[in-house]
Amino acid sequence: MTKGFLAFLFMFLIGFNAYAAENVKKLPAPDIKGGIPLMEAITARRSVREFSAKAIDEQTLSDILYAAWGVSHDGKRTIPTALNKQDLQVYVAFDDGVWLYDGKNNELRLVSSENPKPFLDKQDYMKDAGLTLIFTGSDAKYSPLNAGAAYQNVGLYCASRGLNNVVRGYFDRAGVARLLGVGEDEVIITQTVGWPYM
């Protein structure tokens, strides 16, 4: 190999690693201790369509995603899935794009750098919402059940932490599917999470 080729290869690898690092966000380990007792969380859980502009910090985001679709023990998820197919994907929508949650590595992978808000913000109360989760799956029979288990876990976590949340079906499904690179029929539901006004 020539020195020029080796130099090119070296620069390519440096650039590729920098690109990869920009497109992956490692999350802090989820905090799996504490919170309020389960029966109190069940009683407190509710849908609230009011969100302040206060940002969701990375620790809270990690905890939310762990509740939705994390790996808890022996490679198992924090929710049950029919026949253990684990046919669910959880995406996180921010102003800077859409990220796919990788529960096994507890990180986010960039899927689209396009702002998803035009496809998601169809109601006035969404204008300040800090976070929207998008649930998808390819199994028409079981994926919606999996999504229901995931968003219920998130709702209970929100009740425990004093966060507002609402499950939403009113959004531009075709636009969201295009952003994610999945079929429109794979987009199941969304859930918006944010801090209340203080």
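**Asp128 and its partner**

I began with Asp128, which is partly exposed in this predicted model, its relative accessible area being 27%. I then looked for its charged partner and found that the side chain of Asp128 meets that of Lys127 in a salt bridge, with 3.4 Å from N to O. Lys127, at 59% relative accessibility, counts as exposed, and I noted that this follows because exposed means over 50% relative accessible area. I also wrote down that salt bridges sharing partners join Asp95, Lys117 and Asp121 into one network.

**Other salt bridges**

How many salt bridges does the structure hold? I counted eight salt bridges, and I looked up some of them one by one. Within the network of Asp95, Lys117 and Asp121, I checked the pair of Lys117 and Asp121, whose closest N and O atoms are 3.2 Å apart. Asp121 is partly exposed, with a relative accessibility of 26%.

I next turned to Lys25, which forms a salt bridge with Asp96, the closest N and O atoms lying 3.6 Å apart. Lys25 sits in strand S1 (residues 24–26), while Asp96 belongs to the loop between strand S4 (89–94) and strand S5 (97–102), so this pair ties together parts that are 71 residues apart in sequence. For exposure, I recorded Lys25 as partly exposed at 27% relative accessible area, and Asp96 as partly exposed as well, at 40%.

**Helices H3 and H5**

I then asked at what angle helix H3 and helix H5 pack. For H3 (residues 58–69) and H5 (residues 143–161) I read an angle of about 140 degrees, with the axes 7 Å apart. That makes H3 oblique to H5, because only angles over 145 degrees count as roughly antiparallel. I entered the crossing of H3 and H5 as right-handed.

Which residues meet where H3 packs against H5? On the H3 side I listed Thr60, Asp63, Ile64, Ala67 and Ala68, and on the H5 side Ala150, Asn153, Val154, Tyr157 and Arg161. Sorted by class, the contact of H3 with H5 has six nonpolar, two polar and two charged residues.

**Tyr151 and Ile42**

Staying with helix H5, I looked up Tyr151, which is found in that helix and counts as partly exposed at 28% relative accessibility. Leaving aside neighbours within four places in sequence, I found Tyr151 in contact with Phe135, Val167, Ile189 and Gln191. I also took the distance from Tyr151 to Trp69, which are 82 residues apart in sequence and, from C-alpha to C-alpha, 9.4 Å apart in space.

For Ile42, which lies in helix H2 (residues 38–44), I noted a relative accessible area of 43%, which puts Ile42 in the partly exposed class. Ile42 and Gln152 are 110 residues apart in sequence, yet their C-alpha atoms are 9.7 Å apart in space.

**The protein as a whole**

Last, I gathered the overall figures. The protein has six helices and nine strands, and of its 198 residues 42% count as buried. Among contacts between residues at least 6 apart in sequence, I found that 72% join residues at least 24 apart.

Methods:
Residues are numbered from 1 along each chain as its sequence is written. This is a predicted model: local features need pLDDT of at least 70, side-chain atom pairs count only at pLDDT 80 or more; totals for chains, interfaces and linings use all residues. Side-chain values use heavy atoms; hydrogens and water are left out. Axes are lines fitted to C-alpha atoms, for helices over the stretch in contact, and angles run from 0 to 180 degrees between N-to-C directions. Helices (H or I, at least four residues) and strands (E, at least two) are DSSP runs, numbered from the N terminus. Angles under 35 degrees count as roughly parallel, over 145 as roughly antiparallel, 65 to 115 as roughly perpendicular and the rest as oblique. A crossing is left-handed if the near helix is turned anticlockwise from the far one by less than a right angle, and right-handed if clockwise. Contact means heavy atoms within 4.5 Å. Ala, Val, Leu, Ile, Met, Phe, Trp, Tyr, Cys and Pro count as nonpolar, Asp, Glu, Lys and Arg as charged, and the others, Gly among them, as polar. A salt bridge is a side-chain nitrogen of Lys or Arg within 4 Å of a carboxyl oxygen of Asp or Glu. Buried means under 20% relative accessible area, exposed over 50%, partly exposed in between (1.4 Å probe, protein chains only).
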